[in-house]
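Q: Please take a close look at one strand of this model and at what surrounds it. Set out its burial, its pairing and its side-chain contacts, and then place it against the rest of the fold.

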Amino acid sequence: MKIRVATYNIHKGVSSFRSTPRVLALKKAIGMFDADVVFLQEVQGRHDRYQARYGEKLRSPHHHWPEKAQHEFFAGEDLHAAYGMNAVYDHGHHGNALLSCYPIANEHNHDISDHAYEQRGILHCALDTPVGKVHCYVVHLGLFEGSRRRQTDALISAVNDSAPNGEPVIIAGDFNDWRNTLSDCLRLKLGVVEVFDELEKRSSKIGELVRNVAGRERRLVPARTFPAAMPWFRLDRIYVRGFKVEQAQVLHGPQWAKLSDHAPIVANLQLS
């Protein structure tokens with residue numbers, strides 16, 4: 001079975017600089033992924049202030065703020081959707097979300113907040129696909145390295161508990177892991193591969209031979225996704241288990257820079 005997936009931190013549906021709504025444009029952009037499953041971070045479940053300002057009499061239809069929660073608006077009538085509420089405040093809340101063309105058999109949001117100033121979660125959804133169950137985990141880790149390490153331990157425990165015996169797994173989201181200190185641990189303890197690492201490994205046979213002769217290890221690095229206008233930091237990832245990675249791509253350019261501070265990643269997978 002082939003499956004196309006995408007991950008995208010949508011910056012709560014507002015532009016990075018002037019904080020004007022980009023929800024309509026984001027829905028169109030998500031449709032352009034042509035993905036079977038979309039992993040979203042910083043999804044606004046409710047925001048009373050934006051709703052009051054942009055939800056009724058509109059200055060511009062491009063700045064419309066829908067009455068529905070963003071994950072429901074993006075899903076429309078065609079996709080299944082799940083939402084994990086993480087950060088809650090007086091005028092609303094936001095969190096992670098999953099959009100899927102496959103039915104969501106069950107979902108669970110794991111609270112992995114490490115301190116009072118950052119509310120973080122892992123949204124786990126089990127999808128009913130034509131060839132069996134696929135486990136998806138939407139991730140948004142903290143800004144501090146110590147927090148990220150503890151949250152990664154929680155992610156490992158969640159995956160081992162909910163997807164035992166090597167069941168197919170897709171873990172995607174914003175890891176905030178700009179120094180790439182977490183990939184080795186995830187590979188070792190979960191048996192996953194990162195999509196760009198896997199493609200690079202397959203495409204550099206000569207370089208691998210030279211490194212083996214020289215006794216040097218290959219340095220695995222994910223793709224650059226932040227900031228979207230000129231990606232430099234490697235924050236967003238897709239890790240998989242039980243899939244062959246056929247293609248992976250970061251979508252960048254002026255169109256994407258206007259929508260969020262992160263660039264999205266799309267990948268084509270084959271269930272092995």
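A: In this predicted model, Arg224 lies over the face of Trp232, at 4.1 Å from the ring centre. The part to examine is strand β10, residues 236-241.

Burial is the starting point. In β10, 6 of the 6 residues are buried, so the strand is largely enclosed by the rest of the structure. In a regular strand the side chains alternate between the two faces of the sheet. For β10, Asp236, Ile238 and Val240 point one way, while Arg237, Tyr239 and Arg241 point the other way. Both sets are buried, and the residues listed include charged ones such as Asp236, Arg237 and Arg241.

Next comes the pairing. Strands of a sheet pair through backbone hydrogen bonds, either parallel or antiparallel. β10 pairs with β8 in the antiparallel sense over 6 bridges, and Val169 has Arg241 as its bridge partner in β10. β10 also pairs with strand β9 (residues 193-194), again in the antiparallel sense, over 2 bridges. There, the bridge partner of Glu194 is Tyr239.

Tyr239 has an aromatic contact as well. The structure holds 6 aromatic pairs. In one of them, the ring centres of Phe175 and Tyr239 are 5.3 Å apart and the planes stand at 75°, so the pair is edge-to-face; the angle is over the 60 degrees that this class requires. Phe175 belongs to the loop between β8 (169-174) and α5 (183-190), and Tyr239 to β10, so the pair ties together parts that are 64 residues apart in sequence. Phe175 and Tyr239 are both buried.

β8 and α5 also appear in the surroundings of helix α4. This helix, residues 145-162, has 18 residues and reaches 25 Å from its first C-alpha to its last, close to the 26 Å expected at 1.5 Å a residue. Its buried residues include Leu155, Ile156 and Val159, along with Arg148 and Gln151. Among the elements that cover the buried residues of α4 are β5 (104-111), β6 (121-129) and β7 (132-140), besides β8 and α5.

Elsewhere there is an open sheet of 6 strands, in the order β3-β4-β2-β1-β12-β11 with mixed pairing. Its edge strands are β3 (80-89) and β11 (243-250), each of which pairs on one side only. Neighbouring strands of this sheet are turned by 25° against each other on average, direction ignored. At the β3 edge, β3 and strand β4 (residues 92-100) pair in the antiparallel sense over 9 bridges, with Gly92 in β4 as the bridge partner of Tyr89.

Other aromatic groupings can be set beside the Phe175 and Tyr239 pair. Tyr8, Phe33 and Trp256 form one aromatic cluster. Phe73 and Phe74 are both buried. Their ring centres are 6.2 Å apart and their planes are at 55°, so that pair is tilted. The charged end of Lys27 sits over the ring of Phe73, 4.5 Å from its centre.

For contrast with the buried residues of β10, Asp34 lies in the loop between α1 (23-32) and β2 (37-47). Asp34 is exposed, with a relative accessible area of 61%. Asp34 and Gln249 are 215 residues apart in sequence and 13 Å apart in space, C-alpha to C-alpha.

How values were computed:
Residues numbered from 1 in each chain as written. Predicted model: local features only at pLDDT ≥ 70, side-chain atom pairs only at ≥ 80, totals over all residues. Heavy atoms only, no water. Phe/Tyr/Trp six-rings, centres within 6.5 Å; stacked < 30°, edge-to-face > 60°. Buried < 20%, exposed > 50% of the residue type's maximum accessible area, 1.4 Å probe, protein only. Helix = DSSP H or I, 4+ residues; strand = E, 2+ residues; numbered from the N terminus. Lys NZ or Arg CZ within 6 Å of the ring centre and 35° of its normal. Pairing = 2+ DSSP bridges. Axes fitted to C-alpha atoms, helices over the stretch in contact; angles between N-to-C directions. Expected span 1.5 Å × (residues − 1). Contact = heavy atoms within 4.5 Å.
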